[in-house]
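Hello,

Here is the structure I promised to pass on to you. Have a look at it first, and my notes on what turned up follow below.

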Amino acid sequence: LEEKVQGMRLAAVGCIRDHMIGNQGMARFLHYQLLECDSLSGERNYLKALGIGASDTSFEDVLIQLLRDEGLNHDSPDKLEAGDIEKASLKLLKWFRSGKLGKYVLDEL
């Protein structure tokens, strides 16, 4: 299990090509890693960077917010289409890699 987690961490930072794991899987993993980092630090930098309230912490809520930023209004996770999920997942990965979500260490210290 630890090897898989390390592989996902490497993929999230771009050390493993995206198509090897898939954008949605990496974005979902990254989402939960960033929530855990924020939980450990006692801050909500990740959600604040996205403009999301502390109560909206599901992966689907994050995807909906990212799509709203693109001008696509989705109000329910049930209405998300595969193309929209892929688009929002890729945006989350790009924002993380560019530092727009803040600075994070995904490794256990």
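Glu-70 is partly exposed, because its relative accessible area is 40%. This is a predicted model, so please read every value here as computed from it. Glu-70 belongs to the loop that runs between α4 (59-69) and α5. From Glu-70 to Ala-88 there are 18 residues along the chain, and their C-alpha atoms are 9.1 Å apart. Glu-70 and Ile-85 are 15 residues apart in sequence, with 13 Å between their C-alpha atoms.

Ile-85 itself is part of helix α5, which covers residues 82-98. Is Ile-85 buried or exposed? Its relative accessibility is 17%, and buried means under 20%, so Ile-85 counts as buried.

I also looked at Leu-10, which is found in helix α1 (residues 2-12). Leu-10 has a relative accessible area of 41% and is therefore partly exposed. Its C-alpha atom is 10.0 Å from that of Met-26, a residue 16 positions away along the chain.

Now for the overall picture. The protein has five helices and zero strands, and the pattern along the sequence reads α-α-α-α-α. How does the radius of gyration fit what a compact globule would have, and why? A compact globule with 109 residues would have a radius of gyration near 13 Å, and the protein has 13 Å, so the two agree. Along the principal axes, the C-alpha atoms fill a box of roughly 40 × 35 × 25 Å. As for burial, 39% of the 109 residues count as buried.

You may enjoy the largest pocket. It holds about 260 Å³ of space. There are 14 residues in its lining, and those nearest the centre are Cys-37, Leu-40, Val-105, Leu-106 and Asp-107. Which helix gives the most to this lining? That is helix α2 (residues 23-41), with four residues. By character, the lining of the largest pocket is made up of six nonpolar, three polar and five charged residues.

Last, the aromatic side chains. The structure contains zero aromatic pairs. There is, however, a charge over a ring: the charged end of Lys-100 sits over the ring of Trp-95, at 3.8 Å from the ring centre.

If you open the model with one thing in mind, I would start with Lys-100 and Trp-95, then move on to the largest pocket and the residues nearest its centre, Val-105, Leu-106 and Asp-107 among them.

Happy viewing, and do write back with your thoughts.

Best wishes

Note on methods. Residues numbered from 1 in each chain as written. Predicted model: local features only at pLDDT ≥ 70, side-chain atom pairs only at ≥ 80, totals over all residues. Heavy atoms only, no water. Phe/Tyr/Trp six-rings, centres within 6.5 Å; stacked < 30°, edge-to-face > 60°. Lys NZ or Arg CZ within 6 Å of the ring centre and 35° of its normal. 1 Å grid on protein atoms, 1.4 Å probe; cavity = no way out; pocket = protein on both sides within 12 Å on 5 of 7 lines; lining within 4 Å. Points joined across faces, edges and corners; volume = space filled by probe spheres on them. Helix = DSSP H or I, 4+ residues; strand = E, 2+ residues; numbered from the N terminus. Nonpolar A, V, L, I, M, F, W, Y, C, P; charged D, E, K, R; others polar. Rg over C-alpha atoms; globule rule 2.2 N^0.38 Å. Buried < 20%, exposed > 50% of the residue type's maximum accessible area, 1.4 Å probe, protein only.
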